[in-house]
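Welcome! Please take a moment to look over the sequence and the model below, and then read on for a short guided tour.

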Amino acid sequence: MSWLIPVIVIVAILVIIGIWYWATYNSLITLNVRVDEAWSDITVQLKRRADLLPNLIETVKGYASHEKSVFEDVTKARAETLSAQGPAEASVAEGHLQSALKSIFAVAEAYPQLQASQNFLRLQSDLVDTEDKIQAARRFYNGGVREYNTKIRQFPSNIVAKNMHYTDREFFEVPDTAAISEPPRVQF
């Protein structure tokens with residue numbers, strides 16, 4: 001009977017460790033899925049913006065058809081954004097697209113008739129709305145990455161993370177922060 005107490009203590013310790021491991025594993029899975037969901041939200045908004053651009057280009061092209069290089073730059077940047085894989089590539093593409101959008105809006109400023117066009121005004125409004133949603137999605141993604149990276153680095157959850165081969169996730173950082181410090185401005 002004296003051997004029963006140490007066995008119960010050992011079994012209880014093993015059960016506690018098992019429950020802790022299970023809970024830690026589940027919390028890591030939850031954080032990982034949350035980061036994946038947040039990245040998906042970013043890609044949805046980037047796709048929405050990319051879908052708006054051909055309409056914007058066609059509207060501006062009708063008034064400023066001689067500005068061929070501007071339209072080519074926007075089209076190239078749009079394709080780069082759509083093909084980006086992961087936060088690093090997306091952030092570089094984001095910088096290029098922001099630069100191209102500034103060029104197209106600079107062209108639009110030279111055409112008062114274009115600025116009065118209801119279609120152009122609606123597209124500008126939709127684009128500004130989408131830029132706001134991209135910024136919100138990026139903040140949500142980076143918050144999820146922060147929580148996830150913190151969890152996999154903290155002791156003792158780092159033991160489970162290492163056993164399950166979890167690694168740090170990349171933040172969505174834009175190399176040229178000045179290019180995206182504000183959405184494209186609509187000026188009349």
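A residue counts as buried under 20% relative accessible area, as exposed over 50%, and as partly exposed in between, using a 1.4 Å probe and protein chains only. With that scale, Arg48 is partly exposed at 29%.

Two notes on how to read the rest. This is a predicted model, where local features need pLDDT of at least 70 and side-chain atom pairs count only at pLDDT 80 or more, while totals for chains, interfaces and linings use all residues. Residues are numbered from 1 along each chain as its sequence is written, and side-chain values use heavy atoms, with hydrogens and water left out.

**The overall picture**

The chain has 6 helices and 0 strands, and along the sequence the pattern reads α-α-α-α-α-α. Here helices (H or I, at least four residues) and strands (E, at least two) are DSSP runs, numbered from the N terminus. Of the 188 residues in the chain, 37% are buried. A contact means heavy atoms within 4.5 Å. Among contacts with a separation of 6 or more, 79% are between residues 24 or more positions apart.

**Charged pairs**

Side chains of opposite charge can pair when their charged atoms come close. A salt bridge is defined as a side-chain nitrogen of Lys or Arg within 4 Å of a carboxyl oxygen of Asp or Glu. How many salt bridges does a search of the whole structure find? The search turns up 10, including the three in this table.

| Salt bridge | Closest N and O atoms |
|---|---|
| Arg169 and Asp36 | 2.7 Å |
| Lys47 and Asp51 | 2.8 Å |
| Arg48 and Asp129 | 3.4 Å |

Take Arg169 and Asp36, whose closest N and O atoms are 2.7 Å apart. This pair links distant parts of the chain, with Arg169 in the segment after α6 (157-163) and Asp36 in helix α1 (residues 4-63), 133 residues apart. Arg169 is partly exposed, at 22% relative accessible area, and Asp36 is partly exposed too, at 39%.

The Arg48 and Asp129 side chains also meet in a salt bridge. They again link distant parts of the chain: Arg48 lies in helix α1 and Asp129 in helix α5 (residues 118-153), 81 residues apart. Asp129 is partly exposed, with a relative accessible area of 31%. Elsewhere, salt bridges that share partners join Lys47, Asp51 and Arg78 into one network.

Within that network, Lys47 and Asp51 are separated by about one helical turn, because they sit 4 residues apart in helix α1. Lys47 is partly exposed at 39%, and Asp51 is partly exposed at 37%.

**Surface and interior**

The accessible surface of the chain comes to about 10900 Å², and 59% of this belongs to carbon and sulfur atoms. Such areas come from the Shrake-Rupley method with a 1.4 Å probe; for residues, only the protein chains shown count as cover. Met1, Trp3, Leu4, Val7, Ile8, Val11, Val15, Ile19 and Trp22 make a nonpolar surface patch of about 960 Å². Patches are made of residues with over 30% relative accessible area and no salt bridge; like charges are joined within 9 Å, and nonpolar side chains (Val, Leu, Ile, Met, Phe, Trp, Tyr) within 5 Å. Val7, one of the patch residues, is in helix α1 and partly exposed at 38%.

Is Thr81 buried or exposed? Thr81, in helix α2 (residues 68-83), is buried, with a relative accessible area of 8%. Leaving aside neighbours within four places in sequence, Thr81 is in contact with Leu46, Arg49, Ala93 and Leu97.
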